[in-house]
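Below is a set of questions and answers on one protein chain. Please keep the sequence and the coordinates open while reading.

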Amino acid sequence: QQREQHAQERELRRAIADSGGDRLERLALEMSRKEAEKQRRAEKAARYDQLRQPLGLLALHQAEDFLVQRALCAPLREAAAQRETELQNQLNELGVAFAQGRQEHDELTGELVSLKARRSNIDAQQVALRAALCQALKLDETAMPYAGELIQVRDDERDWEGAAERLLRSFGLSLLVPDAHYAAVSEWVDRTRLLGRFVYFRVRPSKKDLRGELPTLHPDSMARKLAIKPDSPFYAWLERELAHRFDLACCNGQDQFRREARAITRAGQIKGAGERHEKDDRHRIDDRSRYVLGWSNQAKIAALESKARALQARLGDSGRRIALLQKEQQQTTERLQALDKLEEYRDWSELDWRSSATELAVLQDERQRLEAASDVLKALAEQLRALEAVLAET
């Protein structure tokens, strides 16, 4: 009877095993491992997806997709690195231009402040130099005007204003020093480092018969198109100097220009003594911001204000362009960083969470089937417990 009961026990235990009793325990462990693996792969796949979207890469579904995209990353990285270099070069150039523009705008602003405080068209640097000289020698600035402050183009000859400004610019920026102050000025200039070019004329007392010394001017002479400030004590000296220095024929055509010994065109081409010709187009001939002649500076102030507004608008455009380039540079840098991080994923199995999900689903199905047969297991377990009690009694 005991042998039969042991045989029944073995049969019951085999039936329990066949019905999945120990398999449920193994399934629980295996499903936990598969779930962790799936979660790990899903997190990596989500990170990969987050990196590839800004790069315009397609979503991955299989190993072939992964290999194709991995091959694409190298040329994409090379292109991004090249673009980053181009952007940096453009930013460097724009930065230099912007700094120069800012400096020019500051100089314009300073020039405008200086002009609005006086009536002269002379550059602020030259005005400051005269101020320093007069302060050092305790002289009145009005006693030593620049030639340009006493000369202007006649109202009925405004067509020749640009050519006159170009021709007389150097002379207009020359300081007129009365003979009484000549010795003191000469000594001050000699001992002072001026940090620039400074031209001045010694103006001796005029003689009564100076007008008789004036040369006969050409009918179209530039000197005839100029007016001298009537109340100036330098009137006679300037009249003589203009007649001697600027008796150039103002030519309306090239035929006359070629015929004349000394001539000038409206475009600013100058023919001087000894067949010397010159045309300086480093600046526009109608750029009023550079004009130095005249005893009223309203036109120059208006020109400088217009120039300052245009420069400010240009600086605004440059600033916006710099901001756009900086934004693109940041995006390109982020693109390069994303491509570098994509290089870290070297195997499709690191990202293939779907295969893990499929395997997990298979295990879940098996567990569901085993749990559906739990009634049979329960009955077999009760039989085994009853048989064990009987065996103990036997």
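The turns that follow concern a predicted model.

Q: Through which helix does the chain cross from S2 to S3?
A: Strand S2 covers residues 175-178, and strand S3 covers residues 200-203. The two strands pair in the parallel sense over 4 bridges. The β-α-β crossover that joins S2 to S3 is right-handed, and its helix, residues 182-191, is H6.

Q: Which residue of S3 is the bridge partner of Pro178?
A: S2 and S3 are paired as parallel strands. Leu175 of S2 stands opposite Tyr200 in S3. For Pro178, the bridge partner in S3 is Val203.

Q: Which residues of S2 are buried on each side of the strand?
A: Strand S2 is covered on both of its faces. One side carries Leu175 and Val177, both buried. The buried residues on the other side are Leu176 and Pro178.

Q: Which side chains of S3 point to a face and are not buried?
A: The side chains alternate along S3. Phe201 and Val203 share one face and are buried. The other face holds the two that are not buried, Tyr200 and Arg202.

Q: At what angle do H4 and H6 pack?
A: Helix H4 spans residues 124-137, and its axis is 11 Å from that of H6. The crossing of these two helices is right-handed. Their packing angle is about 115°.

Q: How many residues of the contact of H4 with H6 are charged?
A: H4 contributes Leu129, Ala132, Leu133, Ala136 and Leu137 to the contact. From H6 come Ala184, Val185, Trp188, Val189 and Arg191. By class, 9 of the contact residues are nonpolar and none is polar, and the number of charged residues is 1.

Q: Which strands stand at the edges of the open sheet with the order S5-S6-S7-S8?
A: This sheet has 4 strands and mixed pairing. An edge strand has a single partner strand, so one side of it is left without a neighbour in the sheet. The two strands placed in this way are S5 (249-251) and S8 (277-278).

Q: Which residue of S8 stands opposite Ile270?
A: Strand S7 consists of residues 270-271. S7 and S8 pair in the antiparallel sense over 2 bridges. Opposite Ile270, the residue in S8 is Glu278.

Q: Is Glu275 buried or exposed?
A: Glu275 is placed in the loop between S7 and S8. Its phi is near 60°, a positive value in a residue other than glycine. Most residues other than glycine have a negative phi. With a relative accessible area of 60%, against a cut-off of over 50%, Glu275 is exposed.

Q: What is the relative accessible area of Leu195?
A: Leu195 belongs to the loop between H6 and S3. Although Leu195 is not a glycine, its phi is positive, about 60°. Leu195 is exposed, and its relative accessible area is 63%.

Q: Is Lys225 buried or exposed?
A: Lys225 lies in the loop between S3 and strand S4 (226-228). Leaving aside residues up to four places away in sequence, Lys225 touches Gln152, Val153, Arg154, Glu157, Trp160, Asp220 and Cys250. Its relative accessible area is 11%, and the limit for burial is under 20%, so Lys225 is buried.

Q: What covers the buried residues of H7?
A: Helix H7 runs over residues 235-245. Trp237, Leu238, Arg240, Glu241, Leu242 and Ala243 are buried in this helix. The cover includes strand S1 (151-153), helix H5 (161-172), S2, S3 and S4.

Q: How many Å apart in space are Glu366 and Asp179, C-alpha to C-alpha?
A: Glu366 is part of helix H10, residues 353-372. At 18% relative accessibility, Glu366 counts as buried. Glu366 and Asp179 are 187 residues apart in sequence, and their C-alpha to C-alpha distance is 119 Å.

Q: How many Å apart in space are Ser355 and Ile322, C-alpha to C-alpha?
A: Ser355 also lies in helix H10. Its relative accessibility is 24%, which counts as partly exposed. Ser355 and Ile322 are 33 residues apart in sequence, and their separation in space is 49 Å.

Methods: Residues are numbered from 1 along each chain as its sequence is written. This is a predicted model: local features need pLDDT of at least 70, side-chain atom pairs count only at pLDDT 80 or more; totals for chains, interfaces and linings use all residues. Side-chain values use heavy atoms; hydrogens and water are left out. Buried means under 20% relative accessible area, exposed over 50%, partly exposed in between (1.4 Å probe, protein chains only). Two strands pair if DSSP finds at least two bridges between them. A crossover is right-handed if, with the strands pointing away from the viewer, the path from the first strand over the helix to the second runs clockwise. Axes are lines fitted to C-alpha atoms, for helices over the stretch in contact, and angles run from 0 to 180 degrees between N-to-C directions. A crossing is left-handed if the near helix is turned anticlockwise from the far one by less than a right angle, and right-handed if clockwise. Contact means heavy atoms within 4.5 Å. Ala, Val, Leu, Ile, Met, Phe, Trp, Tyr, Cys and Pro count as nonpolar, Asp, Glu, Lys and Arg as charged, and the others, Gly among them, as polar.
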